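Please open the structure in your viewer and keep the selection panel at hand. The stops below go from the whole chain to single residues and back out again.

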Amino acid sequence: MTFDLKDYRSALGSFATGVTIVTTLDSNGNGHGLTVNSFASVSLDPPLVLWCLGNKSDSYDLFSKCDAYAINILADSQGDLAMRFAGKGDQKLAAGDYAALETGSPVLPGTIAAFDTKVVQRIEAGDHLILIGQTLAYQRHDGQGLAYFRGQFGSTSALAKS
């Protein structure tokens, strides 16, 4: 079976997702980020999460070899930040622009949640690498999340209970 890859990608975009920035440290202790919407909870016991890294990503070498990462779930006001780390090129974080929890992976300010994890498994799947991490620490804040649907950002505010 053959697919029109552009149309297939558009069909996949019909699934609304949250938006995250995955962060890690390089060997010199510099923080880096990458916008990702392929984040999921795997298990509560032990607390495992996953995300998928494209094999053609500019950040592949860094993230495919990292020992730890943080998943930063963006607030609905952070669309510009998502776009900054979605593109090609420099995806470094400025020193002092982030905090850290257990592993030292950068935790971004203003997010609605963050999960600090150590990598426990890597799985090659097609043109992606699945990174499974065990959550060592997390934080949660009030606010609405940034959503992505059919190529556009939106807010989870329509889902908020009054």
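What follows is a walk through the model, one selection at a time.

**The whole chain**

Begin with everything displayed as a cartoon, bearing in mind that this is a predicted model. The protein chain has three helices and 12 strands, and with a radius of gyration of 16 Å, close to the 15 Å that the globule rule gives for 162 residues, it is as compact as a globular protein of that length. If you turn the C-alpha trace along its principal axes, the spans are about 45 × 45 × 35 Å. Switching to a surface shows about 9,700 Å² exposed, of which carbon and sulfur atoms supply 52%, while 36% of the 162 residues count as buried. Among the contacts with a separation of 6 or more, 63% are accounted for by residues 24 or more positions apart.

**Strand β2 and its two partners**

Select residues 20-25, which form strand β2; five of these six residues are buried, so the strand is largely enclosed by the rest of the structure. Now add residues 31-36, strand β3, which pairs with β2 in the antiparallel sense over six bridges, and look for T24, which stands opposite H32 in β3. The two strands form a hairpin with five residues between them, and G29 in the turn has a positive phi of about 85°.

Next add residues 68-73, strand β6, which pairs with β2, again in the antiparallel sense, over four bridges. Here I21 stands opposite N72 in β6, and N72 is the residue to select next.

**N72 in strand β6**

Is N72 buried or exposed? With a relative accessible area of 0%, N72 is buried, since the cut-off for that class is under 20%. Show the side chains of N72 and T23 as sticks, and you will find a polar contact of 3.2 Å joining them; a polar atom of the N72 side chain also lies 3.5 Å from the backbone oxygen of P106. If its neighbours within four places in sequence are left aside, N72 is in contact with V19, T20, I21, T23, P106, V107, L108, T111, A113 and A114.

**The nonpolar cores**

Which residues touch the most other members of the largest nonpolar core? In this core of 18 residues they are V22, W51, Y69, I71 and L131. Strands β3, β5, β6, β9 (113-125) and β10 (128-140) each supply at least two residues of this core, and colouring by strand will make those contributions easier to follow. A second, separate core has eight residues, including I21, A82, L108 and L146.

Return to I71 and display its surroundings: not counting residues up to four places away in sequence, I71 touches T20, I21, V22, F39, W51, A113, A114 and F115.

**The three-stranded open sheet**

Now select β1, β11 and β12, which make up an open sheet in the order β1-β11-β12 with antiparallel pairing. The edge strands are β1 (17-18) and β12, each of which pairs on one side only. Between β11 and β12 the antiparallel pairing runs over four bridges, and L146 stands opposite S155 in β12.

Move from there into the loop between β11 (146-149) and β12 (152-155), where R150 is placed. The phi of R150 is near 50°, a positive value in a residue other than glycine; as general background, most residues other than glycine have a negative phi, and most peptide bonds are trans. At 57% relative accessibility, R150 counts as exposed.

**A cis peptide bond**

The second backbone feature to select is the peptide bond from D45 to P46, which is cis, with omega near 5°. P46 lies in the loop between β4 (39-44) and β5 (47-54).

**Helix α1**

Finish with residues 5-12, helix α1, which is hardly covered, the count of buried residues among its eight residues being zero. At the start of α1, show D4 and K6 together: a side-chain oxygen of D4 reaches to within 3.1 Å of the backbone nitrogen of K6. With α1 and β2 both selected, the tour ends on two opposite cases, a helix that is hardly covered and a strand that is largely enclosed by the rest of the structure.

Methods:
Residues numbered from 1 in each chain as written. Predicted model: local features only at pLDDT ≥ 70, side-chain atom pairs only at ≥ 80, totals over all residues. Heavy atoms only, no water. Buried < 20%, exposed > 50% of the residue type's maximum accessible area, 1.4 Å probe, protein only. Pairing = 2+ DSSP bridges. Polar contact = N/O pair within 3.5 Å; in protein donor to acceptor, adjacent residues only side chain to side chain. Core = buried A, V, L, I, M, F, W, Y, C linked by side-chain atoms within 4.5 Å. Contact = heavy atoms within 4.5 Å. Rg over C-alpha atoms; globule rule 2.2 N^0.38 Å. Areas by Shrake-Rupley, 256 points an atom, 1.4 Å probe, with all protein chains shown as cover.
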